[in-house]
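Please open the structure in your viewer and keep the sequence panel visible beside it. The tour below proceeds by selection, one stop after another.

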Amino acid sequence: MSEHHRPCWIEIDLEAIERNYVEAVRRAGPNRSVIASIKGNAYGHGVSKIVSALNRQGAVIYWTGHVDEATALRREGVNNKIIMFGGYLPSSIPRLIAEKLIPTIYDPEGADAVAAVANGNALSVYVKVDSGLGRLGVPVSEAEDFILKLAKKPGLAIEGVYTHLPFRDLSGKNWALGCASKFADLLDRLKRRGVAPEVTQLWGSSGLLADLPDSCNTVCIGHLLYGLSPVLPEVATAGDFQPAFTAMKARLIHVGHHAAGADLAIGSSYQIKNARVTGVLGIGTGDGMRRAIPGKKIEVLVHGKRAPVIGVSLEHTVLDLTNVDDPRVGDEVVLIGASGADKISLSDWGEWLGVGALEVILNFSGRASQQYANPADNIWGRFASAGPS
Ligand SMILES: *Cc1c(COP(=O)(O)O)cnc(C)c1O
């Protein structure tokens with residue numbers, strides 16, 4: 001078993017991931033497949049455990065933009081179909097294909113790189129169309145010509161055509177609907193010219209949650225699998241989707257008692273002047289901890305009571321524990337999650353740090369140790385009861 005001496009950890013509920021996947025499949029209905037988006041280390045949740053959980057519910061295909069993470073999955077024996085969103089140079093395409101990763105093509109350079117290693121086979125590719133987002137893809141106005149040419153090129157076979165139209169608010173929704181109809185027209189024109197790819201995809205979590213009309217046979221879902229809503233309540237509520245990132249906790253590594261009025265300030269960043277009792281956590285900016293944006297104050301829960309953060313440095317966070325009864329070294333501190341009757345959420349942290357809930361997760365994940373709610377998946381052998389100590 002791995003030893004872990006830094007007492008701060010996050011808790012991830014893989015059963016929530018499984019339930020969210022089942023709910024996404026239900027919402028997609030009988031005429032659409034769901035492909036799981038596992039980019040960005042599964043949105044910071046740990047890609048390897050997330051894939052095991054989704055495979056338990058029958059997920060077949062994954063989509064990511066991270067070649068090294070996808071390659072690591074292959075090393076672990078994951079044989080699912082994995083499609084690459086992009087995120088690589090044409091020179092990496094031979095490596096992708098050797099790892100049975102399916103490339104996305106959006107320019108002639110990518111197409112040539114696939115054809116060069118085809119060796120008499122027809123290698124599957126996906127084509128990404130930019131229908132208005134302006135990020136990655138062949139522009140929708142040029143896509144018909146590009147795809148028809150690609151369809152005739154020896155060495156590759158167009159398995160899928162997709163686009164991406166994420167949105168957050170009502171005006172974004174209207175924008176996405178307009179762009180979606182251009183993409184639907186493109187698919188119609190291609191069909192008339194004899195190109196009908198097996199997979200067509202246009203909506204991600206925002207389109208699925210808002211229940212928008214769909215001309216495609218597949219949805220690619222990320223946010224909702226992790227229980228995160230990418231849209232504002234004015235567009236849709238998260239319904240039955242539940243956050244899988246359930247807690248972030250740490251233990252007090254030190255408790256300090258100070259005389260009233262002692263000046264403990266380091267420069268102006270510590271405001272310890274009024275703190276009679278301080279607590280220290282072994283988590284600092286090096287672990288993803290951040291200072292609050294101006295006007296906001298980070299709070300944590302100790303013995304069910306709120307305690308403000310009064311200092312953050314590279315490896316330490318200092319709490320004002322003046323209002324906490326009898327704090328001791330080793331006591332559990334809840335940074336995210338419930339303690340007693342109180343609860344601190346990802347969106348509280350989002351407001352304190354001036355970012356979204358997903359960015360809060362990405363900030364901490366990968367540096368704090370991860371605990372998974374299913375004991376069999378728990379890299380530290382135990383769940384929640386004690387945590388690494
Ligand atoms: C990330 C991504 C998705 C999934 O988006 P979510 O909003 O996380 O569901 C779908 N399609 C493409 C092209 C993406 O890059």
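What is the relative accessible area of asparagine 41, and is this residue buried, partly exposed or exposed? The model on display is predicted. Select asparagine 41, which lies in helix H2. Asparagine 41 has a relative accessible area of 24% and is therefore partly exposed, since the partly exposed range runs from 20% to 50%. Its backbone also deserves inspection: phi is near 50°, a positive value in a residue other than glycine.

**The whole chain**

Now select the entire protein chain. It contains eleven helices and 19 strands. Of its 389 residues, 53% are buried. The accessible surface comes to about 17300 Å², and 51% of that belongs to carbon and sulfur atoms. Among contacts with a separation of 6 or more, 65% are between residues 24 or more positions apart.

**The ligand**

Next, select the ligand and the residues around it. The shell has 15 residues, and the closest are Lys39, Tyr43, Ser205, Gly222 and His223. Display distances to the oxygen atoms of the ligand. A polar side-chain atom of lysine 39 lies 2.6 Å from a ligand oxygen. In the side chain of serine 205, an N or O atom is 2.6 Å from an oxygen atom of the ligand. Glycine 222 takes part through its backbone, where a polar atom is 2.8 Å from a ligand oxygen. Taken alone the ligand exposes 390 Å², and the protein buries 96% of that. Helix H2 and strand S11 (218–221) are the elements that give two or more residues to this shell. Sorted by class, the shell comprises five nonpolar, seven polar and three charged residues.

**Helix H4**

Move to residues 67–75, helix H4, and colour its buried residues: Val67, Glu69, Ala70, Thr71, Leu73 and Arg74. An α-helix has 3.6 residues a turn, so residues three or four places apart point the same way. The buried residues of H4 pack against several elements, including helix H2 (39–44), helix H3 (47–56) and helix H5 (93–98). Strands S3 (61–64), S4 (81–84) and S5 (101–102) are also among their packing partners. After the helix comes glycine 77, with a positive phi near 90°.

From here, step to lysine 100 in the loop between H5 and S5. Lysine 100 has a positive phi, near 55°, in a residue other than glycine. Its relative accessible area is 64%, so lysine 100 is exposed.

**Strand S13 and its neighbours**

Select residues 277–281, strand S13, in which five of five residues are buried. In a regular strand the side chains alternate between the two faces of the sheet. In S13 both faces are covered, with Val277, Gly279 and Leu281 buried on one side and Thr278 and Val280 buried on the other.

Which strands pair with S13? Strand S12 (residues 245–257) pairs with S13 in the antiparallel sense over five bridges; find histidine 254 and its bridge partner, valine 280. Strand S16 (residues 317–320) also runs antiparallel to S13, joined by four bridges. There, threonine 278 stands opposite aspartate 320.

**The loop after S16**

Finish at asparagine 323, in the loop between S16 and strand S17 (332–339). This residue counts as exposed because its relative accessibility is 58%. Add alanine 307 to the selection: the two residues are 16 apart in sequence, and their C-alpha atoms are 7.4 Å apart in space.

Definitions and conventions:
Residues numbered from 1 in each chain as written. Predicted model: local features only at pLDDT ≥ 70, side-chain atom pairs only at ≥ 80, totals over all residues. Heavy atoms only, no water. Buried < 20%, exposed > 50% of the residue type's maximum accessible area, 1.4 Å probe, protein only. Contact = heavy atoms within 4.5 Å. Pairing = 2+ DSSP bridges. Near = heavy atom within 4 Å. Polar contact = N/O pair within 3.5 Å; in protein donor to acceptor, adjacent residues only side chain to side chain. Areas by Shrake-Rupley, 256 points an atom, 1.4 Å probe, with all protein chains shown as cover. Nonpolar A, V, L, I, M, F, W, Y, C, P; charged D, E, K, R; others polar.
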